[in-house]
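I opened a fresh page for a structure I had not met before. Here are my notes, in the order I looked things up.

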Amino acid sequence: MDKFKAVILAAGKGTRMESDLPKVLHRVNGETMVHYTIKAAKDAGATEVIVIVGYQGQLVKHEVVDVVQFAEQHEQLGTGHAVMCARDKIGTNGDVVVLCGDTPLIRPETIKKLYEKHKRESNGVTILSAMIDDPTGYGRIVRDEDGNFLRITEHKDCTENELKIKEINSGMYVFNAEALSFSLDKITNNNSQGEYYLTDTVAVIKSTGLKAGVVVVDDTTEILGVNTKAQLAEAERIMQERMK
């Protein structure tokens with residue numbers, strides 16, 4: 001099997017958690033959220049794991065007991081910028097899986113499935129999506145009449161028809177490392193947030209003629225992002241259910 005690196009976005013403060021603790025250090029069943037993501041990446045076959053830290057980065061480094069590399073994002077200027085901060089560790093060979101440190105329920109089997117489709121189709125990028133009943137706030141996966149992937153449209157930019165789409169972007173991807181590096185040079189922060197969005201790399205990669213694929217996750221709980229205490233409790237409940 002080919003080899004891939006994994007990058008885990010773990011720089012956020014997590015304001016809505018109403019806690020001074022970095023978001024990814026909140027615990028589910030006694031383990032930090034980021035630990036579960038790291039473990040899933042390794043169990044899926046990642047040869048190296050790079051954790052991008054920012055807010056209270058030293059504390060995150062201290063708390064992460066797994067063998068990983070760290071990259072630092074000193075200013076939180078978006079997901080695209082976070083990945084830029086790890087470029088020297090990612091390099092341009094092979095593939096890189098991008099995961100989120102606040103999605104502790106992602107399974108290694110799902111990461112494997114995403115990666116295998118990426119290799120099978122020789123894609124420049126492959127996106128993990130999910131079908132959810134209430135897609136409010138999520139970027140939508142827009143497809144053509146034949147079901148082929150066209151683009152990701154952020155919620156605030158959606159047309160009335162696009163708002164009806166139930167398939168959303170999970171924020172997790174596999175990239176060809178060289179295509180990722182090229183696309184990071186092309187994205188801008190010319191948006192209302194003044195941030196560099198990793199989602200913008202998808203359009204750049206497609207524009208070069210490389211393919212973009214999508215894998216729909218079977219179990220939508222896997223992409224549950226934890227942003228509040230209520231979501232943390234929900235993640236813990238699901239985790240305990242799985243262990244039965």
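**Entry 1: Thr37.** I began with a side chain and asked where its polar atom points. In this predicted model, a polar atom of the Thr37 side chain lies 3.2 Å from the backbone oxygen of Cys100. I placed Thr37 in helix H1. Is Thr37 buried or exposed? Its relative accessibility is 0%, and buried means under 20%, so Thr37 counts as buried. Leaving out residues up to four places away in sequence, I found that Thr37 touches Ile8, Leu99, Cys100, Gly101, Thr103, Pro104 and Ile106.

**Entry 2: the cores.** Next I looked for groups of nonpolar residues. The largest nonpolar core has 34 residues, and those with the most contacts inside it are Val34, Ile38, Val49, Val51, Ile111 and Leu128. I then noted that E1, H1, E4, E6, H5, E7 and E10 each supply at least two residues of this core. Which of them gives the most? The answer is H1, with 5 residues. I picked Ile38 for a closer look: beyond four places in sequence, Ile38 touches Ile8, Val49, Val51, Val64, Asp66 and Val68. There is also a second, separate core of 29 residues, which includes Val7, Ile50, Ile52 and Val204. As background, I jotted down that nonpolar side chains tend to be buried together in soluble globular proteins.

**Entry 3: helix H5.** I checked the length of H5, which covers residues 108–120. Its 13 residues, at 1.5 Å a residue, should span 18 Å, because the expected span counts one less than the number of residues. The end C-alpha atoms are 18 Å apart, which agrees. Then I listed the buried residues of H5: Pro108, Thr110, Ile111, Leu114, Tyr115, Lys117 and His118. Their packing partners include strand E1 (4–10), helix H1 (33–44) and strand E7 (125–131). Just after H5, I came upon Ser122, which takes a positive phi of about 50°.

**Entry 4: E4 to E5.** How do strand E4 (residues 46–53) and strand E5 (residues 69–72) run? They run parallel, and 4 bridges join them. I noted one pairing: Val53 has Glu72 in E5 as its bridge partner. With helix H2 (residues 57–63), E4 and E5 make a right-handed β-α-β unit.

**Entry 5: helix H7 and Ser183.** At the start of H7, a side-chain oxygen of Asn176 reaches to within 3.0 Å of the backbone nitrogen of Glu178. The buried residues of H7 are Ala177, Ala179, Leu180, Ser181, Ser183 and Leu184. They pack against helix H3 (79–84), helix H4 (87–90), E6, E10 and helix H8 (200–207). I stopped at Ser183, which has a relative accessible area of 0% and is therefore buried. A polar atom of the Ser183 side chain lies 2.9 Å from the backbone oxygen of Leu180. Not counting residues up to four places away in sequence, Ser183 touches Thr201, Val204 and Ile205.

**Entry 6: positive phi in loops.** Last, I looked at two loop residues. Glu18 lies in the loop between E1 and strand E2 (27–28), and its phi is near 55°, a positive value in a residue other than glycine. At 69% relative accessibility, Glu18 counts as exposed. Asn29 is in the loop between E2 and strand E3 (31–32). Asn29 has a positive phi of about 50° although it is not a glycine, and at 23% relative accessibility it counts as partly exposed.

Notes:
Residues numbered from 1 in each chain as written. Predicted model: local features only at pLDDT ≥ 70, side-chain atom pairs only at ≥ 80, totals over all residues. Heavy atoms only, no water. Buried < 20%, exposed > 50% of the residue type's maximum accessible area, 1.4 Å probe, protein only. Polar contact = N/O pair within 3.5 Å; in protein donor to acceptor, adjacent residues only side chain to side chain. Contact = heavy atoms within 4.5 Å. Pairing = 2+ DSSP bridges. Right-handed = clockwise from strand over helix to strand, strands pointing away. Core = buried A, V, L, I, M, F, W, Y, C linked by side-chain atoms within 4.5 Å.
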